[in-house]
Amino acid sequence: MNEPENARKTVTIDIRKDLFGANENAAVLNAENFKAHGVFSLDIMGSVGTGKTQLIEALCERLGKKYRILMFAGDLATTIDADRVAAHGVDTVQINTGTACHLDARMIKVALQKVKLADYHIVFIENVGNLICPAGYSLGVDKKVVVVSVTEGPYMIQKHPLTIKSADMIVINKIDLAEALEFDIDALEADIREVDADLPVFRISSKTGEGIEELIAALSL
Ligand code: MG
Ligand code: ZN
């Protein structure tokens with residue numbers, strides 16, 4: 001039997017698949033853009049208060065004379081982090097995500113259109129402060145760095161295995177506070193090894209500078 005003339009088909013859209021597909025496409029374009037300009041890029045992820053900004057400040061302090069650095073600061077609101085990094089003589093772009101709890105590749109693609117990438121050697125991207133969804137969105141960077149710290153309690157790794165899996169390296173920050181907090185860094189590192197036996201781990205104090213040079217060497221900067 002023929003369908004009536006005015007029959008309509010129902011179209012089903014897998015929003016999740018489409019959105020992730022769009023993100024992946026934008027990430028590929030970002031990666032090509034970074035590569036074309038010889039820019040080394042880092043996506044720095046971690047909860048609020050782990051010292052992501054502090055780590056970027058410590059890196060800018062040591063690398064600012066050798067390289068021209070650009071920092072993208074992802075936040076729901078405010079320019080607090082971008083302002084802190086700008087104080088080190090580094091150009092910054094604030095990306096206020098409004099309600100989005102992570103940066104995605106399309107936000108970075110738009111942000112890259114607003115800057116002259118050829119002017120820079122390094123781009124640091126500070127992701128929105130949480131350890132859950134940022135890991136699900138590739139930005140097209142060279143390296144993904146996950147920052148945890150000794151102030152977050154002992155279960156950060158066990159509770160976020162997928163984030164750890166997505167990382168290229170882990171920074172354990174604020175080691176200068178470990179003794180006062182009776183924090184077992186070896187146990188935390190053992191948790192990381194459970195998830196990925198080969199993942200590079202750096203014990204750092206962005207405050208005292210301990211371990212920063214080792215991280216810089218590992219990044220070949
Ligand atoms: Mg910050
Ligand atoms: Zn999110």
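Which protein donors bind the magnesium ion (ligand 1), and how far from it do they lie? In this predicted model, the donors are Thr53 through OG1, Asp81 through OD and Glu126 through OE, at 2.0 to 2.3 Å from the ion. Their spacing along the sequence is T-x27-D-x44-E. Asp81 belongs to helix α3 (residues 80-86) and Glu126 to strand β4 (residues 122-126), so this pair ties together parts that are 45 residues apart in sequence. Asp81 and Glu126 are both buried.

**The sheet**

Strand β4, which holds Glu126, is part of an open sheet of seven strands with parallel pairing, in the order β3-β2-β4-β1-β5-β6-β7. The edges are formed by β3 (91-96) and β7 (201-203), each of which pairs on one side only. From one strand to the next, the twist averages 20°.

Within the sheet, β1 (residues 40-45) and β5 (residues 143-149) pair in the parallel sense over four bridges. Met45 stands opposite Val146 in β5.

Helix α8 (residues 185-195) lies across β5, β6 (169-173) and β7. The angle between α8 and β7 is about 165°.

**Helix α1**

Helix α1 covers residues 15-36, which is 22 residues. From its first C-alpha to its last, α1 reaches 32 Å, close to the 32 Å expected at 1.5 Å a residue.

Which residues of α1 are buried, and which exposed residues does the face turned away from them carry? The table sets out the two groups.

| Group in α1 | Residues |
|---|---|
| Buried | Asn23, Ala26, Ala27, Asn30 and Phe34 |
| Exposed, on the face turned away from the buried side | Lys17, Asn25, Lys35 and Ala36 |

Seen down the axis of α1, the buried residues fall within an arc of 115°, so they line one face of the helix. The general geometry is that an α-helix has 3.6 residues a turn, so residues three or four places apart point the same way.

What do the buried residues of α1 pack against? Their partners are β1, α4 (105-113) and β4. Two of these, β1 and β4, are strands of the sheet described above, and β4 also contains the magnesium donor Glu126.

After α1 comes Gly38, which has a positive phi, near 60°.

Terms used
Residues are numbered from 1 along each chain as its sequence is written. Chains are lettered from A and ligands numbered from 1 in the order in which they are written. This is a predicted model: local features need pLDDT of at least 70, side-chain atom pairs count only at pLDDT 80 or more; totals for chains, interfaces and linings use all residues. Side-chain values use heavy atoms; hydrogens and water are left out. Donors are N, O and S atoms within 2.8 Å of the metal (3.2 Å for Na, K and Ca); water is not among the atoms, so sites may look incomplete. Helices (H or I, at least four residues) and strands (E, at least two) are DSSP runs, numbered from the N terminus. Buried means under 20% relative accessible area, exposed over 50%, partly exposed in between (1.4 Å probe, protein chains only). Two strands pair if DSSP finds at least two bridges between them. Axes are lines fitted to C-alpha atoms, for helices over the stretch in contact, and angles run from 0 to 180 degrees between N-to-C directions. Contact means heavy atoms within 4.5 Å. The expected span of a helix is 1.5 Å times one less than its number of residues. The arc is that of the directions from the helix axis to the C-beta atoms.
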